[in-house]
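Have a look at the model below before you read on. I've jotted down some points to follow along with, one small paragraph at a time.

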Amino acid sequence: MSKKRSPILGLKSYLWEIAHTIMGMDTAKRFDRIVAILIQLQYKRIVKAQELADRFDVSLRTIYRDIRTLEASGVPIVSEAGVGYTIMEGYRLPPVMFTREEAGSFVAAEKLMQKFTDKSLGAYHESAMFKLKSVLRGKEKDWVEALESQVSIVPGQVLFNEKVPNALEILFESIAERKQVFLKYESLREETPSERRIEPVGLFHENGFWYILGYCHLRTDYRHFRTDRIHKIARTSLDFLLEHGTIEEHRKKREEVAKTRVRILVEKSVAKYIQAGRKYYGFISEEVKGEQVEMTFMTTDMKNGFARWYLMFGDYATIIEPEALRERVSDILKKSQEMLTA
């Protein structure tokens with residue numbers, strides 16, 4: 001008499017049965033692959049054998065054998081020649097369900113993680129998403145799959161140096177374990193990358209880039225490091241020497257530094273196009289005055305940051321105050337003209 005099985009069983013029970021099935025005749029690597037195949041079968045309605053073979057870099061024969069192992073362990077897999085594999089409707093591992101809207105949010109999260117984190121964390125997130133989406137019901141699976149191929153995110157800047165694909169992973173580990181890290185870092189003021197030993201306090205994403213806030217032992221002070229300028233990163237066995245507090249405390253101190261009041265008049269036709277960027281330069285308020293918009297800022301870097309941003313739309317704007325900003329913009333334009341005529 002065949003053994004009856006509930007359509008919904010705990011993950012641990014199945015993994016234990018699968019382990020018993022392959023124990024003594026296969027490696028841990030195969031066990032991990034079979035579990036991953038089970039999760040992918042839960043994640044997609046139809047999974048082709050070739051798709052699995054490509055993902056795990058094994059032969060089709062190996063995939064057929066793994067599928068038979070899952071079937072022997074009681075997983076109700078339905079196969080159709082030329083189509084693929086699917087798990088019998090109603091079968092679930094964890095008793096978790098998501099709404100269609102929640103399922104749709106996974107798509108945005110996955111696309112963002114793929115483009116806005118380093119390769120290492122992106123791979124971990126992809127693995128986590130396979131597990132998360134594996135518990136979706138049939139209709140929710142279809143909804144997510146319909147969206148996945150139609151959503152694309154392209155970052156405006158290069159966020160990470162391709163030579164350091166695991167930068168965020170190492171930094172997360174450093175913060176959690178309070179271990180110093182070694183960097184080869186290229187700052188704007190240096191022609192060649194310098195070697196730094198830092199104690200990372202935290203990470204933040206701002207102005208389209210990832211930044212590390214950390215205590216630099218070379219400079220004996222706190223510094224910001226942009227991830228795309230890191231040429232090398234390595235773990236060390238050295239413990240933190242200081243207590244740093246939270247990243248929010250440090251960023252609050254940064255906001256308390258001296259600021260310069262700036263007022264400009266921008267033509268209405270252009271003002272709407274700079275709304276997204278102005279918050280990065282200390283925007284405070286605006287007032288419509290006829291065909292122009294008066295904007296007020298409190299900026300921490302009038303000389304370089306604000307002045308160079310202003311030049312992007314300067315032919316449609318007027319500086320009200322301060323006079324120092326007019327002089328700085330004039331100096332930049334004069335030097336640019338000299339470079340063009342040199």
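1. In what order do the 5 strands of the open sheet lie? They run E6-E5-E4-E3-E7, and the pairing is antiparallel. Strands and helices here are DSSP runs numbered from the N terminus, with at least two residues for a strand (E) and at least four for a helix (H or I). Two strands count as paired if DSSP finds at least two bridges between them. At the edges sit strand E6 (221–226) and strand E7 (230–239), each pairing on one side only. Neighbouring strands in this sheet are turned by 45° against each other on average, direction ignored.

2. A word on what you're looking at. This is a predicted model, in which local features need pLDDT of at least 70 and side-chain atom pairs count only at pLDDT 80 or more, while totals for chains, interfaces and linings use all residues. Residues are numbered from 1 along each chain as its sequence is written, and side-chain values use heavy atoms, with hydrogens and water left out.

3. How confident is the predictor? pLDDT is its confidence in each residue, from 0 to 100. The chain averages 82, and 88% of the residues score at least 70. Take care with residues 1–10, though: pLDDT stays under 50 there, and the model has 14 contacts (heavy atoms within 4.5 Å) beyond four places in sequence for that stretch.

4. Back to the sheet, and to E3 (residues 179–185) with E4 (residues 194–206). These two strands are antiparallel and share 5 bridges. Try finding lysine 184, which stands opposite glutamate 195 in E4. Phenylalanine 182 has arginine 197 in E4 as its bridge partner. If you're tracing side chains, remember that in a regular strand they alternate between the two faces of the sheet.

5. Now follow E4 into E5. The two run antiparallel, joined by 8 bridges, and they form a hairpin with 2 residues between them. In that turn, asparagine 207 has a positive phi of about 55°. Isoleucine 198 finds its bridge partner in E5, namely cysteine 216.

6. Which helix packs on this sheet? That would be H8 (residues 167–177), which touches E3, E4, strand E5 (209–216) and E7. The direction of H8 makes about 95° with that of E4; axes are lines fitted to C-alpha atoms, for helices over the stretch in contact, and angles run from 0 to 180 degrees between N-to-C directions.

7. There's a salt bridge to spot here too, meaning a side-chain nitrogen of Lys or Arg within 4 Å of a carboxyl oxygen of Asp or Glu. The structure holds 13 of them. In one, the side chains of arginine 235 and glutamate 173 meet at 2.7 Å, N to O. This pair links distant parts of the chain, with arginine 235 in strand E7 and glutamate 173 in helix H8, 62 residues apart.

8. There is also an open sheet of 4 strands, ordered E9-E10-E8-E11 with antiparallel pairing. Its edge strands are E9 (283–289) and E11 (317–321), and the twist averages 20° from one strand to the next. E9 and E10 (residues 292–299) share 6 bridges, and serine 285 stands opposite threonine 296 in E10. E8 and E10 are joined by 8 bridges, with threonine 260 opposite threonine 299. Between E8 and E11 there are 4 bridges, and valine 266 faces alanine 317 across that pair.

9. Two helices lie across strands of that sheet. H12 (residues 302–310) crosses E8 (260–267), E10 and E11, running at about 5° to E8. H13 (residues 323–341) lies across E8 and E11, at about 140° to E11. In the loop between E11 and H13 you'll find proline 322, joined to glutamate 321 by a cis peptide bond with omega about 5°.

10. Last, a helix pair and an odd backbone angle. The axes of H5 (residues 100–116) and H7 (residues 138–148) come within 9 Å and cross at roughly 35°. Among the residues that meet are Val107 in H5 and Trp143 in H7. Elsewhere, aspartate 57 has a positive phi of about 55° although it is not a glycine; look in the loop between H3 (49–56) and H4 (60–72).

Conventions: pLDDT is the predictor's confidence in each residue, from 0 to 100.
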